[in-house]
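Please open the structure in your viewer and keep the selection tool at hand. Each stop of this tour names what to select and then describes what is found there.

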Amino acid sequence: MARKPRTPRWLEAARRRQEPVPEGSRADWLARALGRAGVMPRADAEQAIREGRVEVDGRVEREPFAPVHAGSAVRVDGTLRSLEARTLALMFHKPAGVVVHGSDPEGLGTVFERLRAVLPPELRGHEWYAVGRLDRDTTGLLLFTNEERLVAHATSPETHVPKRYVADVEGAPSEAALQRLREGVTLDDGPTRPAGARLLAPGRVELVLTEGRHHQVKRMLAAVGHPVRTLHREAVGTLVLDVPEGACRLLTDAEVEQGLGFRTIPSPSGRGPG
């Protein structure tokens with residue numbers, strides 16, 4: 001049964017307040033629009049809105065989900081702020097031990113905390129979304145973006161963006177084991193897509209996947225008899241990790257377009273998904 005499309009939050013808020021919605025309108029909700037445009041991260045934006053520090057079209061707005069449009073006049077603390085938002089993406093070298101979640105119950109930290117600690121000042125106002133996930137103990141390339149459309153594109157099962165991993169495993173995989181990986185193996189959630197697999201050294205395997213299931217690399221290698229000891233992601237698409245552990249850099253539009261197949265066009269707030 002097909003899922004019913006989710007109503008955008010800005011539209012829900014407009015209906016609750018009985019505000020007219022322009023025909024063909026493609027709006028966004030206020031707190032997210034501020035984060036996407038780099039005015040301030042979404043959590044800070046929500047606080048500022050509830051404190052009455054944000055005006056939309058001359059009126060104090062206290063609803064974080066209030067609809068805004070490309071032409072809305074938004075002021076924060078009396079200063080007019082643009083909602084124009086171009087797509088940005090970051091390459092980050094994830095260290096082991098931190099999680100790709102908003103909080104860590106074990107207290108070891110999150111990738112968002114590590115990322116914000118190394119962001120240059122001009123990028124700290126953006127809301128950053130992780131493009132996919134890596135396990136706590138997995139290191140390597142993790143992408144971040146201010147545009148949820150890029151997250152959807154890079155993680156969609158239909159896109160098949162390749163991801164390259166290097167795993168140190170127990171034992172020495174045979175050519176037969178590698179061939180099973182190349183042809184696809186059956187896991188508890190069904191057969192996998194064929195993967196690129198080659199032996200780099202005794203006990204070290206390179207695996208290239210075009211899908212992203214939970215713990216997929218670890219489960220595939222365990223399925224052929226070689227549990228993973230350590231796991232590192234080297235590349236996503238044609239983007240190859242080139243920054244030190246714990247560091248990040250801003251990707252160029254050309255890198256995002258050519259490396260991930262996503263066109264990064266400057267866009268006013270509201271062109272993203274609801």
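Begin with strand β5 (residues 74-76), which is joined to β6 by three bridges, the two strands running antiparallel. Helices (H or I, at least four residues) and strands (E, at least two) are DSSP runs, numbered from the N terminus. Two strands count as paired if DSSP finds at least two bridges between them. Select V74, and opposite V74 you will find R81 in β6.

Before moving on, note that this is a predicted model, in which local features need pLDDT of at least 70 and side-chain atom pairs count only at pLDDT 80 or more, while totals for chains, interfaces and linings use all residues. Residues are numbered from 1 along each chain as its sequence is written, and side-chain values use heavy atoms, with hydrogens and water left out.

**The small sheet**

Extend the selection to the open sheet of four strands, whose order is β3-β2-β5-β6 with antiparallel pairing. β3 and β6 (79-81) stand at the edges with a single partner strand each, so one side of each has no neighbour in the sheet. Now select D57, in the loop between β2 (54-56) and β3 (59-60). The phi of D57 is near 55°, a positive value in a residue other than glycine. Is D57 buried or exposed? Buried means under 20% relative accessible area, exposed over 50%, and partly exposed in between (1.4 Å probe, protein chains only). With a relative accessible area of 54%, D57 is exposed.

**The whole chain**

Zoom out to the protein chain, which has eight helices and 19 strands. Of its 274 residues, 46% count as buried.

**Strand β11**

Select β11 (163-169), of whose seven residues five are buried. Six bridges join β11 to β15, and these two strands run antiparallel. Y165 stands opposite L207 in β15. Seven bridges join β11 to strand β16 (residues 228-236), again in an antiparallel arrangement. In this pairing, A167 stands opposite L231 in β16.

**Helix α6**

Which residues of helix α6 (residues 175-183) are buried? They are A177, L178 and L181. These residues cover an arc of only 100° around the axis (taken from the directions from the helix axis to the C-beta atoms), which puts them on the same side of α6. Colour E175, A176 and E183 to see the exposed residues on the other side of α6. The buried residues of α6 pack against β14 (196-201), β15 (204-209) and α7 (216-223), where contact means heavy atoms within 4.5 Å. After α6 comes G184, whose phi is positive, near 100°. Select H215 as well, in the loop between β15 and α7. H215 is not a glycine, yet its phi is positive, near 55°. At 32% relative accessibility, H215 counts as partly exposed.

**The largest nonpolar core**

A nonpolar core is a set of buried Ala, Val, Leu, Ile, Met, Phe, Trp, Tyr and Cys residues joined through side-chain atoms within 4.5 Å. The largest one here has 33 residues, and those with the most contacts inside it are L115, W128, F144 and L181. Elements that give two or more residues to this core include β8, α4, β10 (139-145) and α6. Centre the view on W128: leaving aside neighbours within four places in sequence, its contacts include L88, L90, F112, L115 and F144.

**Aromatic pairs**

How many aromatic pairs does a search of the whole structure find? It finds three. Rings of Phe, Tyr and Trp (its six-membered ring) pair if their centres lie within 6.5 Å; planes under 30 degrees apart count as stacked, over 60 as edge-to-face and the rest as tilted. Select W29 and F65, an edge-to-face pair at 4.6 Å centre to centre with 65° between the planes. W29 lies in strand β1 (residues 28-29) and F65 in the loop between β3 and β4 (67-68), so the pair ties together parts that are 36 residues apart in sequence. W29 counts as buried at 3% relative accessibility, whereas F65 is partly exposed, with a relative accessible area of 22%.

Finish with F112 and F144, whose ring centres are 5.7 Å apart with planes at 80°, so this pair is edge-to-face. F112 lies in helix α4 and F144 in strand β10, so the pair ties together parts that are 32 residues apart in sequence. Add F92 to the selection: F92, F112 and F144 form one aromatic cluster.
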